[in-house]
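User: Can you walk me through this structure? I'm new to it and would like to start with the ligand.

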Amino acid sequence: MSTLLAQLAELQERALAALAQADSSEAMRTWHSEYVGRKGQLTTLLGGLGQLPREERPAVGKVANEIKVALESALEERQAAITADEMTRSLSAEGVDVTLPGRQPLLGRYHPTTTALREISDIFVQMGFQIYDAPEVETDELNFGLLNFPPGHPAREMQDTFFTTNPDVILRTHTSPGQIRAMREYAPEPVRVILPGKCYRNEDVTARAEMMFYQVEVMVIDKNITFSDLKGVILNYANQMYGEGRDIRFRKSYFPFTEPSVEIDVDCVLCGGKGCRMCKYSGWLEIMGAGMIHPVVLQNGGYDPAVYSGFAAGMGIERQAILKRSIDDIRLFYDNDVRFLERVAK
Ligand code: PHE
């Protein structure tokens, strides 16, 4: 008996020492099956109980049972300590540092073409213009014929055209065909509209030219409209778009649908006219084509040129953005590079 009791006492001591070393839930489980589980050392040791004289068995059995209860409660205690410890460790290792700066989500921005179009529209709307929408797919007749480009006329080559399979249906090369559409809707009433939209030209793509670009057409028709009206409207536009105190100048030009025709320049937005790289040392930047509407075009639109006169102008929207925001390449507009959009967005 004494041997078995001594073995039990030794086992308890060993088990407790091992438990003190166990430092994880995993080690706890191993420890439990090693010492107190169904196949553990305590069970094995108690297998020897049968060898003892009958009257000694209850006393040893009692001691063995007490040891088992003691070991199990020691396990529970140790388990609680380990769990708390593991919690502390995982909290410090995987915890959320609420003081870290957050990641800034990318915000959407307006495309510079949109911004420029809105600025242009606002300026003309303030002057009493309405916005008129005309289609991008046009007939040859509207894009050229009714604008006084006779068939085969060399002026057609100023604007290299994209055709559809039907040669009479094309992608408009400018917003000017909208002039005829608006005239035919308003004639013989006076009209004051801008016509913004996409245009297409089958041109080599360079820093200055894209195949697809935006224009805004400006058109005024009434009795007694003169070149001075054109000048006043465009000077007002230039002052609002490019800053007060702007100067504009006219250079003679040619368009089949205006007579006289001009190209309009604004004094360089960068150097104010002194001469710099932006204006190629001329002091001036071209902003649009314009002129008095040709009598034949007025007639095609339904106005009597003996009674009515008008002016028209056409400007590239990207061109306005390029000048205003010092962008050096029109191809950037439609490359979809978000760094460009972020740089030029206001
Ligand atoms: N449509 C011309 C172009 O695209 C511009 C223009 C419009 C010129 C209106 C005169 C009047 O080049």
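**The ligand and its surroundings**

Analyst: Let's start with R201: a polar side-chain atom of R201 lies 2.9 Å from an oxygen atom of the ligand. That fits the cut-off for a polar contact, a pair of N or O atoms within 3.5 Å. This is a predicted model, where local features need pLDDT of at least 70, side-chain atom pairs count only at pLDDT 80 or more, and totals for chains, interfaces and linings use all residues. Residues are numbered from 1 along each chain as its sequence is written, and side-chain values use heavy atoms, with hydrogens and water left out.

User: How much of the ligand does the protein bury?

Analyst: Taken alone, the ligand exposes 320 Å² (Shrake-Rupley method, 1.4 Å probe). Of that area, the protein buries 92%.

User: How far is a nitrogen atom of the ligand from an N or O atom in the side chain of S176?

Analyst: H174 has a pair of this kind too, with a ligand nitrogen 3.0 Å from an N or O atom in its side chain. For the side chain of S176, the distance from a ligand nitrogen to an N or O atom is 2.9 Å.

User: Which element gives the largest share of the shell around the ligand?

Analyst: In total, 15residues surround the ligand (a heavy atom within 4 Å). By strand (a DSSP run of E, at least two residues), the largest share is three residues. They come from β9.

Note on methods: Polar contact = N/O pair within 3.5 Å; in protein donor to acceptor, adjacent residues only side chain to side chain. Helix = DSSP H or I, 4+ residues; strand = E, 2+ residues; numbered from the N terminus.
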